[in-house]
Amino acid sequence: MYEKNGEKYYVVDAHVALWDGRESNQKNIHGKQFIDCFYDYHKNLSPEEVVWDYDAYTYYGGERLMKDLFVDGYVDHAIFQPAFLGDFYENGFGQTEEAWALTQANPGKLTYNHNFDPRNGQAGLDQLRRDAERFGLKGVKLYTAEWRGDSRGYKLTDPWTYRYLEACEELGITNIHIHKGPTIIPLDRDAFDVADVDAVATDFQGLNFVVEHCGLPRLEDFCWIATQETNVHAGLAVAIPFIHTRPRYFAQIIGELLYWVGEDKIQFSSDYALWTPKWLVEKFVDFQIPEAMTEYAPLTTTAKKKILGLNAAKMYGLDVPEELRLADTGEVGLEVAAGAKESVLS
Ligand SMILES: [Zn+2]
């Protein structure tokens, strides 16, 4: 929970990771390229005083994660969104067992989302069913640009992806987070293109599609899709750190998102450990769209509360303490009745 000027903010960090990018886990040069590229994002967009040293960055472990998020970072609840990258890392990049053990050891604080790759066909589909049961999955993170053998990615519209998404609907894995946008060496930008979200969002009305990184740099493509599809949401990972180095660029991003997508469908996330939540939360609460940028409406305190946590809490059915809900609507984190939702949107 974060408090500033008498206002209290319930914070959900909707995109965090527990990775192992160490040399000992790298399979080939691409494992090194990938973690080095992450480190560049971290170093170039973070305030100088919160930049980690490289070795600590490649592997930090659960204890540091808990401190950075929950002790220092104001986070009330965090959601793992792991990337597998089995072609680049011996034991995968996101550490499933470690993250799952941490989730179990800290009840109510963490949600473990897993991943799937439709190129694994029937075997992967069977695995998804087992994973859904083991982890009690409510969500998955998809990485459409992931390499697998000769393949340099897949599309959400591929026939096998449809079968996996049908299984998600059936298994109650309702929150589909998709990395769409920023490329990371050696992956291909076009394999992260946001366009295929349009078709699956229309065809799977029972699923929420959270487009992580808002499709950047194709923000406009994302906005024109998201405004048409009621089940498409924006995840601010990678977008929000620009609040420090390029505040006008961030103002443009958040201004466009508020205009097209609306304050009820935007989720805060640090993308930990790409960045740490403490400074992001502080700067976001203090942030205002510059007056000179007259095309954009101001970023209200209510919008900030929704974006920082209440939107993701609603999607994940988190129990938000009474004092941190919106006073005017009595908005809760639990399953919201259709009537209640309308009153929030009006
Ligand atoms: Zn991502």
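# Close-up views of a predicted model

Strand β3 (residues 12-16) pairs with β4 in the parallel sense, over 3 bridges. The views below all come from a predicted model.

**View 1. Strand β4 and its two partners.** Strand β4 spans residues 77-80. Toward β3, Phe80 of β4 is the bridge partner of Val16. β4 also pairs with strand β5 (residues 110-112), in the parallel sense and over 3 bridges. There, Thr111 of β5 is the bridge partner of Ile79. Which residues of β4 point one way, and which the other? His77 and Ile79 point one way, Ala78 and Phe80 the other, and all are buried. In a regular strand, side chains alternate between the two faces of the sheet.

**View 2. An open sheet of 5 strands.** The strand order is β6-β7-β8-β9-β10, and the pairing is parallel. Two strands form the edges: β6 (139-142) and β10 (266-267). Each of these pairs on one side only. Strands of a sheet pair through backbone hydrogen bonds.

**View 3. Strand β7 between β6 and β8.** On one border, 4 bridges join β6 to β7, and the two run parallel. Leu142 stands opposite Ile178 of β7. On another border, 5 bridges join β7 (residues 175-179) to β8 (residues 208-212), again in parallel. His177 stands opposite Val210 of β8. Is β7 enclosed or open to the outside? Of its 5 residues, 5 are buried, so β7 is largely enclosed by the rest of the structure. Asn175, His177 and His179 point one way from the strand. Ile176 and Ile178 point the other way.

**View 4. The zinc ion and its protein donors.** Which atoms of the protein serve as donors to the zinc ion? They are NZ of Lys141, ND1 of His179 and NE2 of His213. These donors lie 2.1 to 2.6 Å from the ion. Along the chain they follow the spacing K-x37-H-x33-H. Lys141 lies in strand β6 and His179 in strand β7, so the pair ties together parts that are 38 residues apart in sequence. Lys141 counts as buried, at 4% relative accessibility. His179 also counts as buried, at 4% relative accessibility.

**View 5. Phe209 and the nonpolar cores.** The largest nonpolar core has 108 residues. Those with the most contacts inside it are Trp19, Phe209, Phe222, Ile254 and Leu257. Leaving aside neighbours within four places in sequence, Phe209 touches a set of residues that includes Leu165, Ile176, Ile178, Val197 and Val200. Ala201, Phe204, Asn231, Val232 and His233 are also among its contacts. Apart from the largest core lies another, of 14 residues. Among its members are Ala14, Val210, Leu310 and Leu324. In soluble globular proteins, nonpolar side chains tend to be buried together.

**View 6. The largest cavity.** How many cavities of 30 Å³ or more are there? The count comes to 2. About 180 Å³ of space lies in the largest cavity. Its lining is made of 19 residues. Of these, His15, Phe38, Tyr143, Asp271 and Leu274 lie nearest the centre of the cavity.

**View 7. The loop between β8 and α8.** Helix α8 covers residues 219-226. Cys214, in the loop before it, lies between β8 and α8. Cys214 has a positive phi of about 50 degrees, although it is not a glycine. Cys214 is buried, with a relative accessible area of 0%. Leu216 has its place in this loop too, as does Pro217. The peptide bond from Leu216 to Pro217 is cis, with omega near 10 degrees. Leu216 counts as buried, at 6% relative accessibility. Neighbours within four places in sequence aside, Leu216 is in contact with Lys180, Gly181, Pro182, Ala239, Tyr249 and Ile253. From C-alpha to C-alpha, Leu216 and Phe192 are 9.6 Å apart in space, with their positions 24 residues apart in sequence number.

**View 8. Backbone details in two further loops.** The peptide bond from Tyr272 to Ala273 is cis, with omega near 5 degrees. Ala273 has its place in the loop between β10 and α11 (277-286). Asn5 is found in the loop between β1 (2-4) and β2 (7-9). Phi of Asn5 is near 50 degrees, a positive value in a residue other than glycine. Is Asn5 buried or exposed? At 73% relative accessibility, Asn5 counts as exposed.

Terms used: Residues numbered from 1 in each chain as written. Predicted model: local features only at pLDDT ≥ 70, side-chain atom pairs only at ≥ 80, totals over all residues. Heavy atoms only, no water. Pairing = 2+ DSSP bridges. Donors = N, O, S within 2.8 Å, 3.2 Å for Na, K, Ca; no water. Buried < 20%, exposed > 50% of the residue type's maximum accessible area, 1.4 Å probe, protein only. Core = buried A, V, L, I, M, F, W, Y, C linked by side-chain atoms within 4.5 Å. Contact = heavy atoms within 4.5 Å. 1 Å grid on protein atoms, 1.4 Å probe; cavity = no way out; pocket = protein on both sides within 12 Å on 5 of 7 lines; lining within 4 Å. Points joined across faces, edges and corners; volume = space filled by probe spheres on them.
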